[in-house]
Every structure is written in C-alpha cells, then in structure tokens.
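Colleague: I should like to learn how to read a sheet and a nonpolar core in a model of this kind. Could we take the features in turn?

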Amino acid sequence: MDKHKIYHLIRNLSDGLVNKDYRGKLLRWLVNDKDAAEKDAALFRLWNETDGSAVSQSETLQSLSEVKSRLGMDKEHHQIKYSIMSGFMKCAAVILLPLLSGVSVWLYMDTKTTKSIDMLECFVPNGEQKEIVLSDGTNVKLNSGSLFIYPAKFEKDSRKVYLTGEAFFDVAHNEKQPFTVHTGRLDIEVLGTKFNVEAYSDDPEITTTLKQGKVKLSSTSHPEQGSIVMRPDEQVIYNVKSGKMQLSAVHAEDYSSWVGGDMRFIERPLSEVMKVIGRKYDVSFRYDDKINLGELYTIVFREKETIEQVMKVMKSLIGNGMEYSINEDSVYLYLEKKGGGMK
C-alpha cells in the first residue's frame, strides 16, 4: 500500500475520524505484519507532528506499560506481533493508547489463538441489538455498543469466545467441551448455562449475573485473587483495577431484561443509568454541574419507549427543577432555577 495512504489512514484513526463500524478492522490491519516499514514510518511521522517533547520519559514508560498490559504482552506473550510492535511502541504508547480500550478484547484474543482458527466478528452499534447462534448451538444476544469475536467452528476440546460490551449467553451443554468467555481481564468458564455479562471497555467493573447452571470466574490480570464459582441468582462484580470480586444474591431476571428490549435499573447511580440510555438510543449526554450523578434510581423503561418519553420520566424522577434539551444525538440536562457549569 502507498505510504501516503497508510499515513492518512493512521492519521484519521488517531484523530477519531474513522467510522466506528470500520475502526476494528483498521486496528487489526495496523498490528499485522503487512506493510510494517510503511506503518513504522507513518507512526513516527505522526509522533513527530504531536508535541512529543512535552511527554516525559516516565510518562511514556507508564503509557507503554499500560499498552503492553492491554495487549497481553506484560507476561507470557511477548513474542506476539512483537516485530512490528517494537518499532512503534513509543508512538503507540501515547498516540494510540486511547484507541486500545474499545478493542482490547480482540488484541487480547490475538495473543491467545492461532492463525489457523477462522475467527468471526460481530459489532453492535449503539442503538441496536443483535442475536447470533454459534456452531455448537449456543445462543448469544448482544447489547448496544458490543464487540463479540468467535470462531466459525469450535476446537474439539474447548469453546472460546471474546467479548467487550454486554451479552446474554444460553450455552449449549457439553461436559467434554468447556465454554469460556474472555473479557480481557476476567475469564468466565461454563459447561452449559444461562448468564449475563456486562464488560464494557470504559467501565471500571465487569458484572456477571447467573440465571441458570454454574459458572467459574477467574481473574487473568490478578490471579492471586483466586476464582469464584457462582450459583443461580448470584451476581459477581469484578473490579478491573484491583481484581477483587464481590458476590451477592440478586434476582437474575432483572439484569437481563434488555434482551427483551426493556431497561431495568435497580439502585443504579444516575451516571450509569444515563450511560445505558445513551447506548440504547445512540445519544450522548452533557450535564449541568449541579446535577447529582451519584444519586441512585430504581426504574423500568419498556422496549418501545422513545428517548423523549424516557427523558420526560427522568425529568419527573430527578425533580429539583431539572430540564433537558435534545439536539439530534445529544442531550443536555440542566437545572433551570439554579444554573451552573457543564460536565
């Protein structure tokens, strides 16, 4: 490929100008071996065009460490893609780090699988949901803003899939072929069961809720934390940073209501409620700094309610003079009486 075209592709990727439906494919192209020299040159040119001198050596090393961790290169997988990674890692540490969170799951996958396996990708844009059936008969329902990677055909002794986002799994039972969901930081192992996983890349926690059967959770980034075996109507909240797992009893049905199109929130902070609403309706939110994003809410929205209907309910619930304005794909919440800055 022409070096100028490669540069402009990477430039657009770094500037956030690449369509989200195409971003994953472009990032996969970036880390493979083809046109390695041209990619190196483009990344170093991009580095030189940024204020690289303003970044200290310690900051670069810290970013580099985080990149390696997200790529699975900090432990046993140093050899994976290292020929090209070594050439531009300093650039990637600062320029590409913000891009890695949304695709960390397939980068992690790339360190765990062989090139002989034919992997398929299903990306679900905000505002949509999708349902797929895997080769073993397992049914997977994917929520908005999710990326799911899976083999066209499973290996004989295992069934491994990769997720960033939220999915509900109805796993076909097979004792001789364990089913594992990799989320980059947490592995979920099952034989045959129904469970929900919420593992968005921009969330500080991964939430697993078991509806039926039995699953085992193991931290890949904090193995010293051990593992937890879950029973039906139990939920584990995994802290991505610390690796700690918190087990509690819940009504599992409440945490997979999105499968039927509903949104059900139980004692959830306003910030999380609005994030889920944003994914479902493909809108972004801005807030007056007087809005209490930590306040807890319990509420259910039905499948066919519009964003306008949802916001009318939220206005009534929040109260305190809260108003909102909807401008295409952006929603602004503010206090009419008290004013304030914007978050």
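Modeller: Certainly; please keep in mind that the model is predicted. Strands of a sheet pair through backbone hydrogen bonds, either parallel or antiparallel. Here, three strands form an open sheet in the order β15-β18-β17, and the pairing is mixed.

Colleague: Which are the edge strands?

Modeller: Strands β15 (284-287) and β17 (322-327) are the edges, since each pairs on one side only. From one strand to the next, the twist averages 20 degrees.

Colleague: In which sense do β15 and β18 pair, and over how many bridges?

Modeller: The pairing of β15 with β18 (residues 330-335) is parallel and runs over four bridges. Within it, Phe285 stands opposite Val331 of β18.

Colleague: Which helix packs on the sheet?

Modeller: Helix α8, residues 307-318, does so and touches β15, β17 and β18. The direction of α8 makes about 160 degrees with that of β17.

Colleague: How should I approach the nonpolar cores?

Modeller: In soluble globular proteins, nonpolar side chains tend to be buried together. The largest nonpolar core in this model has 31 residues, of which Phe148, Phe169 and Phe195 touch the most other members. Strand β5 (residues 159-170) supplies the largest share of this core, four residues.

Colleague: What does Phe148 touch?

Modeller: Leaving aside residues up to four places away in sequence, the contacts of Phe148 include Leu120, Ile132, Leu134, Val161 and Phe169. Glu121 is also among them. A second, separate core comprises 26 residues, including Val273, Tyr287, Met322 and Tyr324.

Conventions
Residues are numbered from 1 along each chain as its sequence is written. This is a predicted model: local features need pLDDT of at least 70, side-chain atom pairs count only at pLDDT 80 or more; totals for chains, interfaces and linings use all residues. Side-chain values use heavy atoms; hydrogens and water are left out. A nonpolar core is a set of buried Ala, Val, Leu, Ile, Met, Phe, Trp, Tyr and Cys residues joined through side-chain atoms within 4.5 Å. Buried means under 20% relative accessible area, exposed over 50%, partly exposed in between (1.4 Å probe, protein chains only). Helices (H or I, at least four residues) and strands (E, at least two) are DSSP runs, numbered from the N terminus. Contact means heavy atoms within 4.5 Å. Two strands pair if DSSP finds at least two bridges between them. Axes are lines fitted to C-alpha atoms, for helices over the stretch in contact, and angles run from 0 to 180 degrees between N-to-C directions.
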